[in-house]
Amino acid sequence: MTTALVVLDMLNDFIGGVLANDAARPTIDPIGRLAERARSTDDWIVVYANDAHHADDFELEVFGEHAMAGTPGAQVVAELAPRDGDIVVPKRAYSAFTATDLDMTCRVHEVDRLVVVGQHTDCCCRHTSYDAFVRGLDVTVVSDATAVFAPFDPDSVTQRQQLALDYLRTYYAADIVKADEVF
């Protein structure tokens, strides 16, 4: 069986653009290390699930225009750019499974475990984890390679991150690990 490292929304618009999230910057190095390791491991694939919005997407009503398909804001930050052999799944909703080919990608590659990294622990990571859980996939969330959406809520980023991780552990049986514990 195969493990998929799923990198969620590490995009220009979420790092330094219209929805810049300072909480995500420290996740870049751990995600990069995990991607490198996954690429060199036979039973792993690297999947980028990225917002690539259209003008009529429902999510734009909440967050405004961001990561519009084909724009620089919808590109993965240079430090984490996809490489040959990586899979890129454009998405238009919070979950990387909603109206995308991620489910088929998992089936074709016989994925039985998703390792979730990126943004946002309390939104896209959460919805993607749920959809993986209901498909019978094991879910691992990397605590130091995920980040909540800091600008959206004035509460403590650390507290909100812990609450989001606790939710994933409690409701989706997610393993919560640090990057150096994944392999």
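Here are some notes on this predicted model, point by point.

1. **Ground rules.** Residue numbers start from 1 along each chain as its sequence is written. As the model is predicted, local features need pLDDT of at least 70 and side-chain atom pairs count only at pLDDT 80 or more, while totals for chains, interfaces and linings use all residues; side-chain values use heavy atoms, with hydrogens and water left out.

2. **The cavity.** Rolling a probe the size of a water molecule over the atoms shows where empty space is left. Here a cavity is a set of points, on a 1 Å grid over the protein atoms alone, where a 1.4 Å probe fits but cannot get out, and lining residues have an atom within 4 Å of a point. Grid points are joined across faces, edges and corners, and a volume is the space filled by probe spheres set on the points. With that rule you get one cavity of 30 Å³ or more, and the largest has a volume of about 60 Å³. Its lining is Phe 14, Leu 19, Asp 51, Glu 59, Phe 63, His 66, Tyr 94, His 120, Cys 123, Cys 124 and Phe 149. Sorted by class, that gives seven nonpolar, two polar and two charged residues. (Ala, Val, Leu, Ile, Met, Phe, Trp, Tyr, Cys and Pro count as nonpolar, Asp, Glu, Lys and Arg as charged, and the others, Gly among them, as polar.)

3. **A cis bond at the cavity lining.** Have a look at His 120, one of the residues lining the largest cavity. The peptide bond leading into His 120 from Gln 119 is cis, with omega near -10°. His 120 sits in the loop between β4 (111–119) and α5. Helices (H or I, at least four residues) and strands (E, at least two) are DSSP runs, numbered from the N terminus.

4. **The pocket.** A pocket, by contrast with a cavity, is an open set with protein on both sides within 12 Å along at least five of seven lines. The largest pocket holds about 170 Å³ of space. Asp 56, Asp 57, Phe 58, Glu 59, Arg 92, Ala 93, Tyr 94, Thr 98 and Ala 99 line it, which by class is four nonpolar, one polar and four charged residues.

5. **A salt bridge in the pocket lining.** Arg 92 and Asp 56, both in that lining, meet through their side chains in a salt bridge (3.3 Å, N to O). Arg 92 is in the loop between β3 and α4 and Asp 56 in the loop between β2 (44–51) and α3 (60–63), so the pair ties together parts that are 36 residues apart in sequence. A salt bridge here means a side-chain nitrogen of Lys or Arg within 4 Å of a carboxyl oxygen of Asp or Glu. Arg 92 is partly exposed at 38% relative accessible area, and Asp 56 is exposed at 59%. (Buried is under 20%, exposed is over 50%, and partly exposed is in between, with a 1.4 Å probe and protein chains only.)

6. **Other salt bridges.** How many salt bridges turn up in a search of the whole structure? The search finds twelve. Among them, Arg 107 pairs with Asp 103, the closest N and O atoms being 2.8 Å apart. These two are four residues apart in helix α4, so about one helical turn separates them. Asp 166 and Arg 169 also meet in a salt bridge (2.9 Å, N to O); they are three residues apart in helix α6, again about one helical turn. Then there is a network: Glu 36, Arg 39, Arg 83 and Asp 86 are joined by salt bridges that share partners.

7. **Two alanines to check.** Ala 99, another residue of the pocket lining, has a positive phi of about 55° although it is not a glycine. Ala 99 lies in the loop between β3 (87–91) and α4 (102–108) and is exposed at 82% relative accessibility. Ala 173 also has a positive phi of about 55°. Ala 173 is in the loop between α6 and β6 (175–177), exposed at 57%.

8. **A contact across the sequence.** Is Pro 30, at 7% relative accessible area, buried or exposed? Pro 30 is buried, and it belongs to helix α2 (residues 28–39). Its C-alpha is 6.1 Å from that of Ala 179, although the two are 149 residues apart in sequence.
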